Amino acid sequence: MLCLGVYAKEEFTSTEQSQISVETPGLFSHSNAFQVDFAQLAKNEYSFPLPVGKIADVTPADILIETTKGDAVKAMFGGVVRLSRNIQQFGNVIVIRHDNGLETVYGRNAQNLVKVGQRVTAGQTIAIVGGEGNRTSLLFAIMVNGRRINPETILDVDAHALHRQVVTFKKVGNGISVSTTRKERKKEPEGMSMDTNNPFGDNAVYRLDLTAIKSWHYPLADSHVISGYGGKRHHSGVDIKNAPNMEVYAAFDGLVVQSGNFSGYGKCITIRHPNGLETRYSHNSKNYVNVGDKVKAGDVIGTTGRTGRATTEHLHFETRINGRAFDPAYVFDHATHSLQKCTLQFKKNGSVSRLK
């Protein structure tokens with residue numbers, strides 16, 4: 001495994017033992033980047049955290065894995081337990097600092113079976129699965145230097161397997177940039193263009209005057225919000241609901257750059273717009289458009305469904321700029337189904353604000 005050193009020590013500060021997200025001392029002391037070669041791992045050096053579990057939800061920050069009561073939670077890689085305690089909103093939670101520089105988080109356990117400072121091996125039982133409410137499940141996350149990374153970058157969640165690739169983790173400001181050698185990332189899902197709009201050019205700021213947009217349409221008529229953006233689940237869009245098989249509309253004029261099955265999104269459509277935005281519509285029962293189709297605002301592009309990881313028929317709607325999701329409420333007033341009357345200011349670091 002390529003890396004710059006062994007980072008899992010057996011002694012931790014009080015902060016490291018009490019907080020989930022903390023920086024890893026020395027991780028970037030010699031360089032602003034390190035690599036991990038997941039293709040070189042032996043079978044006994046990796047374990048999916050719930051080998052018999054079923055993926056219930058995947059976000060850019062974590063995975064919810066459902067299983068049966070009493071199932072054993074396994075350590076993903078070898079390392080040392082940094083945190084093992086009860087924390088509000090996470091319940092009994094364990095954080096393991098691995099020798100490869102990564103950390104993994106195992107939350108909502110019924111019982112933690114390991115202590116801080118204990119060295120564990122990949123596949124070792126570290127907890128008994130718990131859950132939230134009537135749901136027996138594990139909330140799992142991967143971190144680098146205290147920052148959560150998209151678990152699907154590392155894992156083929158449906159196959160419970162690692163992507164066989166070299167991953168580079170680079171410190172950029174207060175965040176982490178992740179790049180891989182996995183060429184097939186640009187080939188999946190089928191029909192997906194992974195290139196994104198970049199309205200910034202060489203500028204650090206991009207402004208979009210919503211009042212100047214004359215052609216627009218709210219994506220789902222007579223609907224209401226059932227799950228908002230962000231929150232503790234780090235929801236990357238907004239869920240809006242009317243009824244099954246209702247018509248889904250293109251929000252603006254644009255070009256269809258993806259139409260097909262897309263992991264947990266199910267049947268999904270992504271449209272690139274001349275105004276610099278991209279919009280995404282998912283969990284559809286049917287897609288009516290294909291990659292390369294040009295659409296107008298208000299064109300019917302599909303119907304609502306529950307494909308992918310959805311528990312009810314609804315539309316998961318996302319707004320994105322330069323590949324980053326942001327709250328669709330900056331663009332649409334969900335209560336009145338109207339376009340907001342303001343100018344939006346976007347920065348390359350991902351921040352969004354309204355200008356008067």
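**Exercise 1. Decide whether Gly 26 is buried, partly exposed or exposed, and place this residue in the fold.**

Solution. Begin with the accessibility: Gly 26 has a relative accessible area of 40%. Buried means under 20% and exposed means over 50%, with partly exposed in between, so Gly 26 is partly exposed. Keep in mind that this model is predicted. Next, find the element: Gly 26 sits in the loop between α1 and β1. Finally, look across the chain to Asn 145, which is 119 residues away in sequence; the two C-alpha atoms are separated by 9.7 Å.

**Exercise 2. Work out which parts of the chain the salt bridge between Glu 16 and Arg 97 ties together.**

Solution. Start with the contact itself: the side chains of Glu 16 and Arg 97 form a salt bridge, at 2.9 Å from N to O. Now assign each partner to its element. Glu 16 belongs to helix α1 (residues 14-18) and Arg 97 to strand β6, so the bridge ties together parts that are 81 residues apart in sequence. Then check the surroundings. Glu 16 is buried at 7% relative accessible area, and Arg 97 is buried too, at 3%. To finish, widen the view: Glu 16 and Arg 97 belong to a network of salt bridges that also takes in Arg 82 and Glu 103. The structure as a whole holds 10 salt bridges.

**Exercise 3. For the salt bridge between Asp 62 and Arg 148, find where each partner lies and give the burial class of Asp 62 and of Arg 148.**

Solution. The two side chains meet at 3.4 Å, N to O. Asp 62 lies in the loop between β2 and β3, while Arg 148 is in strand β13 (residues 147-149); with their positions 86 residues apart, the pair links distant parts of the chain. Now apply the cut-offs to each partner. Asp 62, at 1% relative accessibility, counts as buried, whereas Arg 148, at 24%, is partly exposed.

**Exercise 4. Do the same for Arg 119 and Asp 99.**

Solution. The closest N and O atoms of this salt bridge are 3.2 Å apart. Arg 119 is in strand β9 (residues 119-120) and Asp 99 in the loop between β6 and β7, so parts 20 residues apart in sequence are tied together. Both partners turn out to be partly exposed: Arg 119 has a relative accessible area of 39%, and Asp 99 has one of 25%.

**Exercise 5. Describe the sheet that contains β4, β10 and β8.**

Solution. First the order: the strands run β4-β10-β8 in an open sheet, with antiparallel pairing. Then the edges: β4 (72-74) and β8 (111-112) each pair on one side only. Last, the join between β4 and β10: three bridges connect these antiparallel strands, and Val 73 has Ala 127 in β10 as its bridge partner.

**Exercise 6. Identify the largest nonpolar core and the strands that build it.**

Solution. A general point helps here: in soluble globular proteins, nonpolar side chains tend to be buried together. The largest core has 39 residues, and Tyr 106, Ile 126, Leu 155 and Phe 169 have the most contacts inside it. Strands supplying at least two residues each include β1 (33-37), β6 (91-98), β7 (102-109) and β16 (166-172). Strand β12 gives the largest share, four residues. One more step remains: a second, separate core of 32 residues includes Tyr 206, Leu 220, Ile 269 and Cys 342.

Definitions and conventions
Residues are numbered from 1 along each chain as its sequence is written. This is a predicted model: local features need pLDDT of at least 70, side-chain atom pairs count only at pLDDT 80 or more; totals for chains, interfaces and linings use all residues. Side-chain values use heavy atoms; hydrogens and water are left out. A nonpolar core is a set of buried Ala, Val, Leu, Ile, Met, Phe, Trp, Tyr and Cys residues joined through side-chain atoms within 4.5 Å. Buried means under 20% relative accessible area, exposed over 50%, partly exposed in between (1.4 Å probe, protein chains only). A salt bridge is a side-chain nitrogen of Lys or Arg within 4 Å of a carboxyl oxygen of Asp or Glu. Two strands pair if DSSP finds at least two bridges between them.
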